[in-house]
Amino acid sequence: MSDVMAENKDSKFFRLFKKLTAIPYLLVIVALLMPLANVSCNDEQVIASPNVYELSSGLDLEESLKDPALGILKKMETGNPAALEKFRVSMPNFPKMEPMPALYALFVGALLAAIFAWISPLGSIAMGMLTMVAMGAFYAKLVEILASLGIPLLSVQPGQGYSAATVMIFIGTAMNLATIIRPIVVELKARRAKKKAQAK
């Protein structure tokens with residue numbers, strides 16, 4: 001009787017754990033609202049911290065940049081507008097970046113990973129990994145765009161949102177793997193117990 005109660009309790013805990021696996025992926029959506037990257041000038045002062053939503057809708061540098069970069073941009077607009085034409089080669093609507101609506105796929109990917117966590121752990125892992133790879137690709141694209149401006153003092157580092165989303169995906173993956181492995185372990189234990197009983 002006590003073995004049956006323990007088994008039921010263990011089964012309830014497992015079902016709860018499987019439901020909780022969706023939480024890290026839902027937190028990825030929250031993390032993506034934090035800065036995807038930190039753009040700094042001369043590796044010191046952060047001059048811009050765009051998040052995924054801002055990049056998706058088209059980042060306006062005049063609204064997002066902080067001093068001293070914003071002050072330099074304003075001076076260039078009034079004192080040396082010809083210099084801005086160099087930036088428009090890689091950024092046609094400078095000082096506004098082109099919208100990247102494909103970034104919304106990161107939100108969709110994280111949401112699907114959370115949904116699959118209740119249905120198919122392998123599907124959840126796949127969606128989580130795809131989301132992380134896509135996030136890395138978009139980050140690399142942002143680095144490429146800023147590098148093409150030809151301003152040597154600018155540097156880009158992963159933002160809090162990028163780091164937090166990556167950690168959450170790894171946690172979700174670990175929880176999904178535990179969900180996959182546990183039934184296998186239970187089955188192996190049951191077979192061993194059956195063999196011992198038959199041997200007696």
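Which residues is Thr166 in contact with, leaving aside its neighbours within four places in sequence? They are Met132 and Met135, as taken up in the legend on Thr166 below. All views show a predicted model.

**Figure 1. Overview of the chain, with nine helices and three strands.** Starting at the N terminus, the order of the elements is α-α-β-β-α-α-α-α-α-α-β-α. The chain has 200 residues, and 38% of them count as buried. About 11900 Å² of the chain is exposed, with 67% of that area supplied by carbon and sulfur atoms. Among contacts with a separation of 6 or more, 68% are between residues 24 or more positions apart.

**Figure 2. Close-up of Thr166 in helix 9.** Thr166 has a relative accessible area of 17%, which is under the 20% cut-off, so Thr166 counts as buried. A polar atom of the Thr166 side chain lies 2.8 Å from the backbone oxygen of Tyr162. Leaving aside neighbours within four places in sequence, the contacts of Thr166 are with Met132 and Met135.

**Figure 3. Close-up of Leu177, also in helix 9 (residues 160–199).** The relative accessibility of Leu177 is 40%, and Leu177 therefore counts as partly exposed. Leu122 is 55 residues away from Leu177 along the chain, and the C-alpha atoms of the two residues are separated by 8.1 Å.

**Figure 4. Close-up of Thr21, in the loop between helix 1 (2–20) and helix 2 (22–31).** Thr21 is buried, and its relative accessible area is 0%. Not counting residues up to four places away in sequence, Thr21 touches Ala117, Gly172, Met175, Asn176 and Thr179. Of these, Ala117 is also one of the buried residues of helix 7, the subject of the next view.

**Figure 5. Helix 7 (residues 104–119) and its buried side.** Helix 7 has 16 residues, which at 1.5 Å a residue should span 22 Å; the C-alpha atoms at its ends are 23 Å apart, in agreement with that value. Buried in this helix are Leu106, Phe107, Gly109, Ala110, Ala113, Ala114 and Ala117. These residues cover an arc of only 165 degrees around the axis and therefore sit on the same side of helix 7. In an α-helix there are 3.6 residues a turn, so residues three or four places apart point the same way. The exposed residues Trp118 and Ile119 are carried on the face of helix 7 turned away from the buried side.

**Figure 6. Strand 1 (residues 37–41) and its pairing with strand 2 (residues 45–48).** Strand 1 is mostly covered, as four of its five residues are buried. The two strands run antiparallel and are joined by three bridges. Opposite Cys41 stands Gln45 of strand 2. In a regular strand, side chains alternate between the two faces of the sheet.

**Figure 7. Close-up of Ser49, in the loop between strand 2 and helix 3 (52–57).** Ser49 has a relative accessible area of 25% and is partly exposed. Val39 lies ten residues from Ser49 in sequence, and the C-alpha to C-alpha distance between the two is 6.2 Å.

Methods
Residues are numbered from 1 along each chain as its sequence is written. This is a predicted model: local features need pLDDT of at least 70, side-chain atom pairs count only at pLDDT 80 or more; totals for chains, interfaces and linings use all residues. Side-chain values use heavy atoms; hydrogens and water are left out. Buried means under 20% relative accessible area, exposed over 50%, partly exposed in between (1.4 Å probe, protein chains only). Two strands pair if DSSP finds at least two bridges between them. The expected span of a helix is 1.5 Å times one less than its number of residues. The arc is that of the directions from the helix axis to the C-beta atoms. A polar contact is a pair of N or O atoms within 3.5 Å; within protein, one must be able to donate a hydrogen and the other to accept it, and residues adjacent in sequence count only if both atoms are side-chain atoms. Contact means heavy atoms within 4.5 Å. Accessible areas come from the Shrake-Rupley method with a 1.4 Å probe; for residues, only the protein chains shown count as cover.
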